[in-house]
Each structure stands twice: as structure tokens, then as C-alpha cells.
Amino acid sequence: MTAFALSQPTVRLETPVASAVREGLAAHPRRLPSWLFYDADGSRLFDQITRLPEYYLTRTERDIFSAHADSIIAQAAGAQAAGQTGIKPARLRIAELGAGSADKTRLLLKAAAGRQGTLLYEPVDVSATALEAAHARIEREIPGVRVAPLVTDYTEGLYLSPAHPGERRMVLYIGSSIGNFEPHQAAQLLEGIRAALEPGDSLLLGVDLRKDERILLAAYDDAAGITARFNLNLLARLNRELAADFDLETFAHRAVWNTTESRIEMHLESLVAQSVQLSLLDLEIRFAAGERIHTENSYKYAPGQVESMLQKAAFTAESTWTDERNWFAVCLARVE
Ligand code: AVJ
């Protein structure tokens with residue numbers, strides 16, 4: 001019988017996290033993708049961020065929904081057009097991209113269920129756990145709503161089952177989630193959504209608007225230090241998942257306003273010269289003192305910019321709702 005020598009195999013960890021970290025930390029300047037923020041701890045910290053006094057985004061968008069949910073839903077259903085043309089307004093089914101905890105969405109779901117009696121709500125997220133939490137609560141708390149979660153990475157293309165005849169699909173992409181994408185990626189994403197829709201369907205897009213730099217910086221560098229913990233949790237995650245040895249005391253949270261690109265950037269700055277081991281990647285990274293890892297972009301849009309992004313993706317921007325300070329905008333766009 002032949003004996004085989006079992007040599008130590010070189011196993012390369014091939015998970016999305018491993019490849020993203022390998023690629024991002026090898027780059028100069030170093031970077032890590034912002035989707036890495038959202039493990040269980042990071043999602044909890046983001047939830048705390050949305051309740052911070054400085055983080056106006058969630059509160060402002062919720063205020064817009066509180067004031068306008070009925071008109072937003074009526075517009076999506078085509079009630080206005082129906083008045084003019086005599087066409088019967090359609091029933092809506094609502095899909096939400098990156099649904100997460102779906103908190104603000106409830107205002108829209110209530111308005112839609114109130115209008116048509118029942119509603120099918122299809123939250124789409126890469127994380128099944130995020131979807132499960134929202135599922136039971138929404139069915140329990142909003143009468144008439146049935147939840148059909150869809151676990152998929154919508155940035156890789158969106159595939160939705162066809163709506164029933166006489167139904168219109170409304171896709172929600174709210175919370176300024178699109179702000180994490182570079183302009184060319186954002187354009188692709190909108191085109192991907194457009195391709196999943198039929199004429200008469202609509203997209204509701206929520207974006208953060210350009211404003212005084214001090215307000216922006218405070219929102220991304222709050223006094224209680226929650227955003228700093230959110231950013232640093234990325235390194236804690238690599239310690240947990242990749243057996244890395246980042247010393248969190250020697251990295252600092254930085255928020256920067258990049259006026260040319262019109263975006264808030266988050267970075268993690270190494271306060272000392274040091275080298276870090278990522279055991280499961282078999283990787284060592286040397287940081288110079290002051291060297292940064294770029295962890296997030298959060299784009300802030302000029303008035304009219306969302307509408308033109310939507311038009312470029314072959315949507316017709318129909319209506320935009322905003323708050324009285326003009327800090328946040330919610331735009332309804334139609335597929336013709
Ligand atoms: C979830 C992408 C909308 O960009 O404001 C919050 C994430 N980062 N604080 C944002 C975030 C730092 C957030 N989005």
C-alpha cells in the first residue's frame with residue numbers, strides 16, 4: 001500500500017470578509033469597505049447612532065415621512081395621474097433595499113395598508129438576522145401587512161418576482177444608504193433597480209443634502225463617541241474574525257469633510273508606527289505613525305442632484321419632499 005505524506009496544506013481563507021480585507025489593506029492609501037461595519041456589534045452601534053442628537057439624518061427623514069407618508073403613497077399608487085386620466089390607481093407592493101430594522105418604513109407601510117387594506121412588504125437585505133427581527137414585529141404591529149423577506153446582495157443585481165396584474169411595485173431605498181457608493185457605483189445601482197422594475201413602478205430614494213460643514217462633522221464625530229466606537233469596531237471585528245491583533249488604543253477615529261468630492265470620509269488613524277498581524281490571512285501590515293485606513297464615504301448631494309441621477313438611470317423624478325431646513329430629501333421616481 002502506498003503511504004501518502006500529508007504535507008501541511010496552504011489553506012487560503014476565501015470569505016467575502018477575507019478577500020475584502022486582503023485587498024483593502026494591501027492598497028495605498030489603505031481602505032476597508034463600509035459594509036464591514038455591520039456585524040452584530042456594529043449594527044447595534046449604528047442603531048445608537050440613529051438616536052444621537054448630532055445625527056440628524058434618521059430623525060429628519062422620519063419627520064418627512066410623518067408629514068407626507070399619505071401623499072408619498074398616493075403618488076406611488078398613481079392616484080394623481082388617475083384623477084387626470086380616469087385610470088384606476090393601482091395596488092402597491094413595497095420592497096425595501098437594505099431594510100435593516102425597518103423602523104422609519106413603518107410610517108409608509110401604515111399609510112399603504114391604510115389605503116388599500118392589505119399590503120405585501122418585501123424587505124431585501126444581505127443579512128437574514130436583520131430581516132427576521134423586523135418580520136415578526138411588523139406583522140404583529142401593522143394590521144394588514146404581510147412580510148416576505150428576501151435575502152440577497154442587491155448590489156450584485158436585483159431580481160424580484162413579477163408583481164400581480166393591477167399591482168405596482170414601489171421600491172424603497174431610503175436612509176441615505178446610496179450615499180456610501182461612489183458616483184459611478186451609485187449610477188450602476190440605480191440602473192440595476194430600474195432593470196428590475198416595470199412601467200408604472202416607482203423608486204423612493206432618500207438622500208442627505210449638503211449643508212454647513214460643522215453640522216456634518218458633528219454628525220460623524222459625536223460628543224458621546226459612539227461613531228468612534230462604530231468605526232473602531234471594524235478593527236475589533238478583524239480581531240475576532242481573522243485572529244488579528246489590532247490594539248484599539250493605538251487607532252483613532254477621524255471624520256473629514258471632503259468638499260471637492262462632497263462627502264464625509266471616515267478614517268482610522270494609527271497613532272504610532274506599528275505592525276499588525278492578521279493570523280488567519282497570514283498577513284502582516286506595517287503602519288507608519290499617522291497613517292490612515294479609509295473606512296467610509298458618505299456623499300452629500302446638492303439640490304437637484306438626486307433628480308438628475310435618477311433621470312440618468314432612466315427614471316422620471318416626479319416629486320421631492322424635504323424638511324424645512326432642507327437637510328434631507330426624499331424623491332419619488334417613476335419608470336415610464
Ligand atoms: C447608514 C450609510 C446612511 O452614511 O450616515 C453613520 C452610516 N456612518 N455614521 C451614513 C454612518 C457613520 C450611514 N449610512
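Contact, as I will use the word, means heavy atoms within 4.5 Å. On that basis, among contacts in the protein between residues at least 6 apart in sequence, 70% join residues at least 24 apart.

What you see is a predicted model, in which local features need pLDDT of at least 70 and side-chain atom pairs count only at pLDDT 80 or more, while totals for chains, interfaces and linings use all residues. Residues are numbered from 1 along each chain as its sequence is written, and side-chain values use heavy atoms, with hydrogens and water left out.

Let me start with the whole protein, which has 10 helices and 14 strands (DSSP runs, H or I of at least four residues for helices and E of at least two for strands, numbered from the N terminus). Its radius of gyration, taken over C-alpha atoms, is 22 Å, close to the 20 Å that the globule rule (2.2 Å times the number of residues to the power 0.38) gives for 336 residues, so the protein is as compact as a globular protein of that length. Of the 336 residues, 50% count as buried, that is, under 20% relative accessible area with a 1.4 Å probe and protein chains only.

Turning to one helix pair, α3 (residues 56-77) and α5 (residues 105-116) pack at about 40 degrees, with their axes 8 Å apart; axes are lines fitted to C-alpha atoms over the stretch in contact, and angles run from 0 to 180 degrees between N-to-C directions. That angle makes α3 oblique to α5, since angles under 35 degrees count as roughly parallel, over 145 as roughly antiparallel, 65 to 115 as roughly perpendicular and the rest as oblique. Among the residues making the contact are F65, I72 and I73 of α3, and L107, L108 and R115 of α5.
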